[in-house]
Amino acid sequence: MLTSDDLAFFSVLTASKSLAESARKLNVTPPAVTQRLRALEEKVGVRLIDRSGRHLRLTEEGSLVASHSIIVRDAIDSLAEALADREGAVRGHLRVAAPHGFGRIYVAPVVEAFAREHRSATATLQLSDHPTALVVDSYEVVVHIGASAHLDQVVTTLAPNRRILCASPEYLASAEPISTPADLARHRCLVVRENEEDVTLWRFKGSRQESATVRVNPAMSSNDGAVIRDWALAGQGIMMRSEWAVAEDLAEGRLRQVLPNWMLPSADIVAILGSRHGRSARTAAFLTMLRRSLKPLPWRADLAETPNQ
């Protein structure tokens, strides 16, 4: 008869591209994984994984075992979480996903603090260019910047975050004056292609609530926001970036805000909660720590020191 340990072992295999990768995840040698897989197949009497190619491939019977492994694992996890929550205990494995830049600067320190404070829990932080493209239910918390497309998930706002138009003083000194959004069509613009958003259509709201839309023709683009920032600092053009990413540059004078009287759509920092984990004690504890770390907003402190442009 299969045990919960057998199913947990097989679920690791099904999530791996090779036996070597499975061995790394399980912290054992590849021969140990091969031996345990063989013993598991002998126990059930059928072949579960086709190992003839370069990558692991489930047999029909293996797919059946894998699907039941997930059901059993989730049931065991849910039971453990329910018992821990009754005690108010923070246990289990916390899984967090976040964007590279924001995750490195603001989320990683909180994950470390969480692990230090709650020794009975473990934690994983997955940094990704597209964290919402991951399987959300595989994570307790997915940190996202901007509106979420996951309408069927629980989404909670962590912190406000404006988008800011800015450029280096050197670029602005040599370029034509910019007094309205329409002027941007004649300037070098830098765009970040991070997701499916139409990044060349810039929308503005004026001080009298008037609207303006500009279609920019990017002089340079990249899927990495840090690269765009470096190009802007080098005087290559005007970029639209989140305030958390450029607040220090604005405060230090390396960048200057463009069209400060025109507002861009905000891109608040939100957390998407996996439906199965949204009420766990460890999720609640982590979200409390993350919110606390963002109050007061660290980037607003920098912007408060920025001279009027």
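## Contacts of Ile145

In this predicted model, Ile145 touches Pro99, Phe102, Asn161, Ser242, Trp244, Ala267, Asp268 and Ile269, leaving aside residues up to four places away in sequence. Ile145 belongs to strand E5. Its relative accessible area is 23%, so Ile145 is partly exposed, given that buried means under 20% and exposed over 50%.

One of the contacts, Ser242, lies 97 residues from Ile145 in sequence, with 8.8 Å between the two C-alpha atoms. Two other partners of Ile145, Phe102 and Trp244, recur below: Phe102 is among the buried residues of helix H5, and Trp244 is among those of helix H8.

## Helix H5

Helix H5 covers residues 100-117. At 1.5 Å a residue, its 18 residues should span 26 Å, and the C-alpha atoms at its ends are 24 Å apart, which agrees. H5 has a kink of about 45 degrees at Val107, shortly before the proline Pro109.

Val107 is also one of the buried residues of H5. The others listed as buried in H5 are Phe102, Gly103, Tyr106, Val110, Val111, Ala113 and Phe114.

## Helix H8 and helix H6

Helix H8 runs over residues 243-252. Its buried residues are Glu243, Trp244, Val246, Ala247, Asp249 and Leu250. Glu243 and Asp249 therefore count as buried, with a relative accessible area under 20%. Just after H8, Gly253 takes a positive phi of about 85 degrees.

Helix H6 spans residues 169-174, and Ser174 is part of it. Ser174 has a relative accessibility of 63% and therefore counts as exposed. Along the chain, Ser174 and Gly235 are 61 residues apart, while their C-alpha atoms are separated by 9.6 Å.

## Loops and backbone angles

Two residues that are not glycines have a positive phi: for Gln209 the angle is about 70 degrees, and for Leu259 it is about 50 degrees. Gln209 sits in the loop between strand E9 (201-205) and strand E10 (211-215). Leu259 sits in the loop between strand E13 (256-257) and strand E14 (269-273). Gln209 is exposed, because its relative accessible area is 57%. Leu259 counts as buried, because its relative accessibility is 6%.

Lys295 and Pro296 are joined by a cis peptide bond, with omega about -10 degrees. Pro296 is located in the loop between helix H9 (281-293) and H10. Helix H10 (residues 298-304) is where confidence in the protein chain is lowest, at a mean pLDDT of 72.

Gln153 lies in the loop between strand E5 (141-145) and strand E6 (154-159). With a relative accessible area of 15%, Gln153 falls under the cut-off and is therefore buried. Gln153 and Ile272 are 119 residues apart along the chain, yet their C-alpha atoms are separated by 6.6 Å.

## Cysteines

A disulfide is a covalent bond between the sulfur atoms of two cysteines. With a pair of cysteine sulfur atoms required to lie within 2.5 Å, the count comes to 0 disulfides.

Are Cys166 and Cys189 buried or exposed? Cys166 has 0% relative accessibility and so counts as buried. Cys189 likewise counts as buried, because its relative accessibility is 0%. Strand E7 (residues 163-167) is where confidence in the protein chain is highest, at a mean pLDDT of 97.

## The chain as a whole

The protein chain contains 10 helices and 14 strands. Of its 309 residues, 40% are buried. Its accessible surface comes to about 16,900 Å², and 50% of that belongs to carbon and sulfur atoms. Among contacts between residues at least 6 apart in sequence, 73% join residues at least 24 apart.

The mean pLDDT of the protein chain is 86, and 87% of its residues reach 70 or more.

Methods. Residues numbered from 1 in each chain as written. Predicted model: local features only at pLDDT ≥ 70, side-chain atom pairs only at ≥ 80, totals over all residues. Heavy atoms only, no water. Helix = DSSP H or I, 4+ residues; strand = E, 2+ residues; numbered from the N terminus. Expected span 1.5 Å × (residues − 1). Bend = angle between axes of the 7 residues up to and from the residue. Buried < 20%, exposed > 50% of the residue type's maximum accessible area, 1.4 Å probe, protein only. pLDDT = per-residue confidence, 0-100. Contact = heavy atoms within 4.5 Å. Areas by Shrake-Rupley, 256 points an atom, 1.4 Å probe, with all protein chains shown as cover.
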